Amino acid sequence: MHLDQLPKPVFVSQPAALQEMVRDLSDHAIIAVDTEANSLYAYYERVCLIQFSTPETDYLVDTFAFDDLSSLAPIFANPDIEKIFHAAEYDVLILRREFDFSFARIFDTMVAARILGWESVGLGALLESEFKIRVNKKYQRANWGLRPIPQEMLTYAQVDTHFLIALRNQLKTALKAKGLWHLALEDFNRSCHPNGQQERTPIEQCWRIKGMRDLGPQQLAVLRELCFFRDREAQKVDRPLFKVISNKALIEAATTWPSTLDEVQAVHGISPRQARRIGRGILAAVQRGKKADPPRPQRNARPNGNHLDRIDRLRRWRKNHARNLGVQSDIILPKDILNKIAAENPRSTQSLAGVMSTVPWRYQEYGAEILKQIRATK
């Protein structure tokens, strides 16, 4: 199918249209879902568009047009309606954060493709390989906060869900043929409860900047003040942090301590326009940092030798199994579960079953082998 042949989507921006869409979605056992957000263009990231597809209709919901989207909550929480996402984690996190939605019964097409061992699992690659559809990737980083949304962007958004039901059907058939359906169900259930990062404070963001560990104590104090300044400035203009001052520029300023506007402008990554607009704020932050008590960045305690040994043995075991199945290592045992097992050091089947309670299929399939690896360590 050529994209010009796509059916015209229903653009939902009025309460009556929203109610009609909710009634239609509620009558289907399978629907496709996607979101578009403005994270690259705003400090306060928002869901700008929610796309839904049924076998008959594509919907584009303008979230900016509504003060209340709670009528969608029963659909996302209904275990009798399968929601198909591609790479669900981000969508679920932002929908949960902004609208407090909860989720049940997800089918994640990217997760399914990874479990099957497919090399290219991006949606564009899957649409091209399975349906000969080529999608213009230039809108991946578009500003979805624009209103009105250009027609080309609306078509791009429609494509993100239009083919997901057909793709899901092909992937489900392949998973069942390979005996991997129950493993997929386990990961689909995990997709309903992602453990994504909460919003980080400015100081937490500061201590995650690459190069921070190379700074001296007083330089860290300057970096901290620069991070506070950047965060305040980003909130004021509603822009992402990196568009106010880049991390590299922060590190250089924290290292060199510019004392004039010319020196601010000499920092790599700070343009003359930026120097004119926020240069004095940068200089003030540097001066505050030079006088402040050096901070003590929190560092996670390093695991002891026995803990590291358990991690190493589990990783080697996982890697060997993954190689045999032709999949990535985390398909065999997700990273968070591996780390939890290594940390808790279960020595009995009962205790291991508790640690692996969210992955019961993997426990049944691999529990004995995992316990063998654990018991081989201290």
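Reader: Why is Ala42 called buried?

Author: In this predicted model, Ala42 has a relative accessible area of 7%. Buried means under 20%, so Ala42 counts as buried.

Reader: Where is Ala42 found, and what does Ala42 touch?

Author: Ala42 is found in the loop between strand 2 and strand 3. Leaving out residues up to four places away in sequence, Ala42 touches Asp238, Arg239 and Pro240. The C-alpha atoms of Ala42 and Asp58 are separated by 27 Å, with their positions 16 residues apart along the chain.

Reader: What makes strand 2 largely enclosed by the rest of the structure?

Author: Seven of the eight residues of strand 2 are buried, so strand 2 is largely enclosed by the rest of the structure.

Reader: How do you know that strand 2 and strand 3 pair, and in which sense?

Author: Pairing requires at least two bridges. Strand 2 (residues 30-37) and strand 3 (residues 47-53) have six bridges, in the antiparallel sense, so by the cut-off of at least two they pair. Within this arrangement Ala37 stands opposite Val47 in strand 3.

Reader: What joins strand 2 to strand 5?

Author: Three bridges join strand 2 to strand 5 (residues 82-85), and these two strands run parallel. The cut-off is at least two bridges, so this also counts as a pair. Ile30 has Glu82 as its bridge partner in strand 5.

Reader: What makes the pairing of the sheet mixed, and in which order do the strands lie?

Author: Six strands form an open sheet in the order 1-4-3-2-5-6, with mixed pairing. Strand 2 shows both senses: antiparallel with strand 3 and parallel with strand 5.

Reader: Why are strand 1 and strand 6 called edge strands?

Author: Strand 1 (10-12) and strand 6 (106-108) each pair on one side only. From one strand to the next, the twist averages 25°.

Reader: Why do Glu98 and Arg46 count as a salt bridge?

Author: The N to O distance between their side chains is 4.0 Å. The rule asks for a side-chain nitrogen of Lys or Arg within 4 Å of a carboxyl oxygen of Asp or Glu, so the pair is counted. Glu98 lies in helix 3 (residues 88-99) and Arg46 in the loop between strand 2 and strand 3, so the pair links distant parts of the chain, 52 residues apart.

Reader: Are Glu98 and Arg46 buried or exposed, or what are they called instead?

Author: Glu98 has a relative accessible area of 28%, and Arg46 has 37%. Partly exposed lies between the limits of 20% and 50%, so Glu98 is partly exposed, and so is Arg46.

Reader: What makes Asp62 and Arg147 a salt bridge, and which parts does the pair tie together?

Author: Their side chains meet at 2.7 Å, N to O, which is set against a limit of 4 Å. Asp62 lies in strand 4 (residues 58-62) and Arg147 in the loop between helix 5 (123-131) and helix 6 (151-162), so the pair ties together parts that are 85 residues apart in sequence. Asp62, at 8% relative accessibility, counts as buried, whereas Arg147, at 31%, counts as partly exposed.

Reader: How do you know that Glu186 and Arg362 form a salt bridge?

Author: Their closest N and O atoms are 2.8 Å apart, and the rule accepts pairs within 4 Å. Glu186 lies in helix 8 (residues 181-191) and Arg362 in helix 19 (residues 360-375), so parts 176 residues apart in sequence are tied together. Both Glu186 and Arg362 are buried. They also belong to a network of salt bridges that links Glu186, Asp187, Arg190, Asp336 and Arg362. The count by this rule comes to 16 salt bridges.

Reader: Why does Arg224 have no salt bridge?

Author: The nearest side chain of opposite charge, Glu225, is 4.1 Å away. A salt bridge has to fall within 4 Å, so Arg224 has none, although Arg224 is buried. Arg224 is found in helix 10 (residues 217-237). Leaving aside neighbours within four places in sequence, its contacts are Ile203, Cys206, Trp207, Ala292, Asp293 and Pro295.

Reader: Why is Ser259 called partly exposed?

Author: Ser259 has 48% relative accessibility. Exposed means over 50% and buried means under 20%, so Ser259 counts as partly exposed. Ser259 lies in the loop between helix 12 (247-256) and helix 13 (261-266).

Methods: Residues numbered from 1 in each chain as written. Predicted model: local features only at pLDDT ≥ 70, side-chain atom pairs only at ≥ 80, totals over all residues. Heavy atoms only, no water. Helix = DSSP H or I, 4+ residues; strand = E, 2+ residues; numbered from the N terminus. Buried < 20%, exposed > 50% of the residue type's maximum accessible area, 1.4 Å probe, protein only. Axes fitted to C-alpha atoms, helices over the stretch in contact; angles between N-to-C directions. Lys, Arg positive; Asp, Glu negative; His and termini not counted. Contact = heavy atoms within 4.5 Å.
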